[in-house]
Amino acid sequence: MTVTSRIPALIDYLVTLFAGAATLGQAVPPVTVFDGPATTELDPPLALYVGLHDPDNPGAENAADSVQSWAALGRLGRDEIITVHCCAQAWAGTDDMHTVRVAATAITAAVEALMQADATGFGGNILFPDPGITALALSQNNTPEGAVARVAFDLVFKARIG
């Protein structure tokens with residue numbers, strides 16, 4: 001079977017990695033890991049969206065992007081730079097912005113630690129993180145439901161196809 005992109009397998013691997021990590025999905029309290037947009041209106045207090053930058057966007061958005069270039073003689077080998085869009089979110093039913101900001105940043109830090117520690121090539125899907133986590137953007141707001149903080153970020157990898 002021809003592999004057009006490593007994006008689908010890489011997103012699947014990241015969701016499984018983050019959901020099973022002691023610092024994220026298995027933490028106390030747990031970070032709920034979503035594969036793209038949630039299909040429920042029940043927001044958990046701590047969440048990590050893989051393949052989604054803005055959980056409030058009602059429209060479709062890019063889960064990931066890639067750019068490919070030739071990597072070898074012939075037409076089979078290609079390098080692929082993959083960018084997976086993510087968002088860490090924390091909210092509380094109070095107006096305590098500090099606590100949710102620290103919690104959203106801690107989720108992002110846990111993702112970064114997992115990126116640095118993975119020695120498997122992320123399930124054999126990539127060559128290496130290039131540079132890994134980047135383009136962090138913190139947003140915060142006090143809503144009628146309470147304080148919410150989000151850190152949107154990108155995970156960038158280099159992969160080889162063919």
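**Exercise 1. A residue in strand 5**

Ala135 lies in strand 5; state what is unusual about its phi angle, and decide whether Ala135 is buried, exposed or partly exposed.

*Solution.* The model is a predicted one, in which local features need pLDDT of at least 70 and side-chain atom pairs count only at pLDDT 80 or more, while totals for chains, interfaces and linings use all residues. Residues are numbered from 1 along each chain as its sequence is written, and side-chain values use heavy atoms, with hydrogens and water left out.

Step 1: Strands are DSSP runs of E with at least two residues, helices are runs of H or I with at least four, and the numbering starts from the N terminus. Strand 5 covers residues 128–143.

Step 2: The phi of Ala135 is near 60°, which is a positive value in a residue other than glycine. Most residues other than glycine have a negative phi.

Step 3: Buried means under 20% relative accessible area, exposed means over 50%, and partly exposed is in between, with a 1.4 Å probe and protein chains only. With 46% relative accessibility, Ala135 is therefore partly exposed.

Step 4: Another residue to examine is Phe122 in helix 3 (residues 121–124), where phi is also positive, near 50°. Phe122 has a relative accessible area of 1%, so it is buried.

**Exercise 2. Cis peptide bonds**

Find which residue is joined to Pro29, and which to Pro131, by a cis peptide bond, and place each proline in its element.

*Solution.* Step 1: Val28 and Pro29 are joined by a cis peptide bond with omega of about -5°, and Pro29 is found in the loop between helix 1 (7–20) and strand 1 (32–35).

Step 2: Asp130 is joined to Pro131 by a cis bond with omega of about 10°, and this proline, Pro131, lies within strand 5.

Step 3: As background, most peptide bonds are trans.

**Exercise 3. Salt bridges between distant parts of the chain**

Which residues are linked with Arg150 in a network of salt bridges, and where in the chain do they lie?

*Solution.* Step 1: A salt bridge is a side-chain nitrogen of Lys or Arg within 4 Å of a carboxyl oxygen of Asp or Glu, and the structure holds four of them.

Step 2: One of these joins Asp54 to Arg150, at 3.9 Å from N to O. Asp54 sits in the loop between strand 2 (46–50) and strand 3 (64–70), whereas Arg150 is in strand 6 (residues 146–161), 96 residues apart.

Step 3: Asp56 also forms a salt bridge with Arg150, with the closest N and O atoms 2.9 Å apart. Asp56 lies in the loop between strand 2 and strand 3, and this pair is 94 residues apart.

Step 4: Asp54, Asp56 and Arg150 are thus linked in a network. Arg150 counts as buried at 13% relative accessibility, Asp54 as partly exposed at 33%, and Asp56 as exposed at 55%.

Step 5: A further salt bridge pairs Arg160 with Asp79, with the closest N and O atoms 2.5 Å apart. This bridge links strand 6, which holds Arg160, to strand 4 (residues 78–91), which holds Asp79, across 81 residues.

**Exercise 4. The nonpolar cores**

How many residues does the largest nonpolar core have, and which element gives the most to this core?

*Solution.* Step 1: A nonpolar core is a set of buried Ala, Val, Leu, Ile, Met, Phe, Trp, Tyr and Cys residues joined through side-chain atoms within 4.5 Å.

Step 2: The largest core has 38 residues, and those with the most contacts inside it are Phe18, Leu24, Val50, Val84 and Leu155. Two or more residues come from each of helix 1, strand 2, strand 4, helix 2 and strand 6, and helix 2 gives the most, with eight residues.

Step 3: A second, separate core has five residues, among them Ala47, Tyr49, Leu52 and Cys87.

Step 4: Contact means heavy atoms within 4.5 Å. Leaving out residues up to four places away in sequence, Leu155 touches residues including Leu14, Phe18, Val84, Met115 and Ile133.

**Exercise 5. Thr108 in helix 2**

Decide whether Thr108 is buried or exposed, and find which backbone oxygen lies 3.1 Å from a polar atom of its side chain.

*Solution.* Step 1: Thr108 lies in helix 2 (residues 97–117) and, at 4% relative accessibility, counts as buried.

Step 2: The backbone oxygen belongs to Ala104.

Step 3: Neighbours within four places in sequence aside, Thr108 is in contact with Ala88, Ile133, Leu136, Val151 and Phe153.

Conventions:
A polar contact is a pair of N or O atoms within 3.5 Å; within protein, one must be able to donate a hydrogen and the other to accept it, and residues adjacent in sequence count only if both atoms are side-chain atoms.
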